[in-house]
Amino acid sequence: MSVKITYKQQVDAFCNEKNTMTAEEMLRIAKERISGREQPSENATNVIDLTEQRKKRNAFGKVLSAACVIIVCTLAVATTALAATGKLDEVLRKIFKDETSAELVEQGYYYEVNQSVTEDIFRIDLLAVTGDAQTPKLVFDVWVNDPNISLNNDRIYLSAYTLGVEQYENELDQYAMCDGSGYQDAENKNLYHVVMDGAPVWISYGEPVVVSVREIRFKHIARSYEVNMEYRFEVPPMDLHPVVSDYFGGVLVSPEEDGFYLNYANYGAYYTECIFVFDYDGQSLEGQYATESGLESLLQMKWRDYADDLHMVVDGAEYEAIAHEGGEVWYDKYGEAGHKNRCYVTLHFPVIDYRSAKKISLKQGTAEYRLK
């Protein structure tokens, strides 16, 4: 099972704990809200105000589509405490070309971990966590005490768990590891640098977190090095940039025959994310397909047909979804995240300034669904 699906299950389980409405209830509410509205002219856009459906807004109340994404970095500065020495924003800007993260650090959105673990020929320093509540970023230094490795390998690959303590100690077999990669330092050949997106479900909300590096690999070495290097810490929520989250409780945002419902809209520093849920009679559909992946492929095609014409409109400016980000359908056959046969999917849009925007909508064809 991929790390993207594993973390999505945990997030969807949280969503369903808070949102237990069935598809029929969602449809009834949507019809009640829409009924009685003045019908638009034939050429007008049908604007449906979803702001009445919004249940709450918070600093991204643990609702995300979290997946560990590889972020590669090359650091030309050899240091073991980037945040403490004031180098973190400089490295992010000059080496990562990551202006967003650099600005967040300058605004004070980072937490210094500064924990070091040594095993065999490796020392790995977990220096800091920065980013926003939707995309926490772990900054590592990896020291390799073997000149033969350092001489012939400019790339390094790490696999690590980033979990809550309960999940790490009692449910580890249910989770996949995050994979990250990094580059050799330009000046110190024994030093490698990696930045990895961590799991926001646990990292971003002040809970005890375990980061456990389990495997180290190099570009030109066939074998992998198995290790168990643990780091335990808690990131105060205020040390990461907040993400505004609007909860809509599963409002129909498609024709009834498609059945796509909007659960959340999350406005972060790196992207804007919409989380959708949709119901199909999975058991009857399964008979037409030999494998579960075949059913997911069918649902993926249905989603693609709908999402290809879906735009976010902010004060009149239209934005297309970010290509290759989100959009992977997961069919919850066994009810691992809540109700059986329910499907989940996310869609990412570019960053927008939520607070200054006067009107935010999702537009699909001639229908427009107002979010703010």
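**Figure 1. Pairing of strands β12 and β13.** In this predicted model, strand β12 (residues 244-252) and strand β13 (residues 260-267) pair in the antiparallel sense over six bridges, two strands being taken as paired if DSSP finds at least two bridges between them. Helices (H or I, at least four residues) and strands (E, at least two) are DSSP runs, numbered from the N terminus. Within this pair, D246 of β12 has A265 in β13 as its bridge partner. Strand β12 is mostly covered, with nine of its nine residues buried, where buried means under 20% relative accessible area, exposed means over 50%, and partly exposed lies in between (1.4 Å probe, protein chains only). Strands of a sheet pair through backbone hydrogen bonds, either parallel or antiparallel.

Residues are numbered from 1 along each chain as its sequence is written. Because the model is predicted, local features need pLDDT of at least 70 and side-chain atom pairs count only at pLDDT 80 or more, whereas totals for chains, interfaces and linings use all residues; side-chain values use heavy atoms, with hydrogens and water left out.

**Figure 2. The open five-stranded sheet.** Five strands form an open sheet in the order β1-β20-β19-β15-β16, with mixed pairing. Strands β1 (46-49) and β16 (317-319) stand at the edges, each with a single partner strand, so one side of each is left without a neighbour in the sheet. From one strand to the next, the twist averages 25°, with axes being lines fitted to C-alpha atoms (for helices over the stretch in contact) and angles running from 0 to 180 degrees between N-to-C directions. Strand β19 (residues 360-364) and strand β20 (residues 367-370) pair in the antiparallel sense over four bridges, and S361 stands opposite R370 in β20.

**Figure 3. The surroundings of I352.** I352 is found in the loop between β18 (342-349) and β19, and at 10% relative accessibility I352 counts as buried. Leaving aside neighbours within four places in sequence, I352 is in contact with Y267, T272, M312, V314 and I360, contact meaning heavy atoms within 4.5 Å. I352 and Y267 are 85 residues apart along the chain, and their C-alpha atoms are separated by 7.1 Å.

**Figure 4. Helix α4 and the elements that cover its buried residues.** In helix α4 (residues 99-106), the buried residues are S101, A102, L104 and V105. Seen down the axis of α4, these buried residues fall within an arc of 160°, so they line one face of the helix; the arc is that of the directions from the helix axis to the C-beta atoms. The cover over the buried residues of α4 includes α3 (88-94), β4 (110-119), β5 (122-132) and β6.

**Figure 5. Salt bridges in three settings.** The count comes to 10 salt bridges under the rule that a side-chain nitrogen of Lys or Arg lies within 4 Å of a carboxyl oxygen of Asp or Glu. D197 forms one with K137, the closest N and O atoms being 3.3 Å apart. This pair links distant parts of the chain, with D197 in strand β9 (residues 191-197) and K137 in strand β6 (residues 135-144), 60 residues apart. Both D197 and K137 are buried. In a second view, E215 forms a salt bridge with R217, with 2.5 Å between the closest N and O atoms; E215 is partly exposed, with a relative accessible area of 22%, and R217 is likewise partly exposed, at 23%. Salt bridges that share partners join R93, E99 and E106 into one network. Within that network, the side chains of R93 and E99 meet in a salt bridge (3.0 Å, N to O), where R93 counts as partly exposed at 28% relative accessibility and E99 as partly exposed at 37%.

**Figure 6. A307 in helix α9, with the whole protein for context.** A307 lies in helix α9 (residues 292-307) and, at 11% relative accessibility, counts as buried. A307 and L347 are 40 residues apart in sequence and 8.4 Å apart in space, C-alpha to C-alpha. The protein has nine helices and 20 strands, and of its 372 residues 52% count as buried. Among contacts between residues at least 6 apart in sequence, 68% join residues at least 24 apart. The accessible surface of the protein comes to about 16,400 Å², of which 45% belongs to carbon and sulfur atoms; accessible areas come from the Shrake-Rupley method with a 1.4 Å probe, and for residues only the protein chains shown count as cover.
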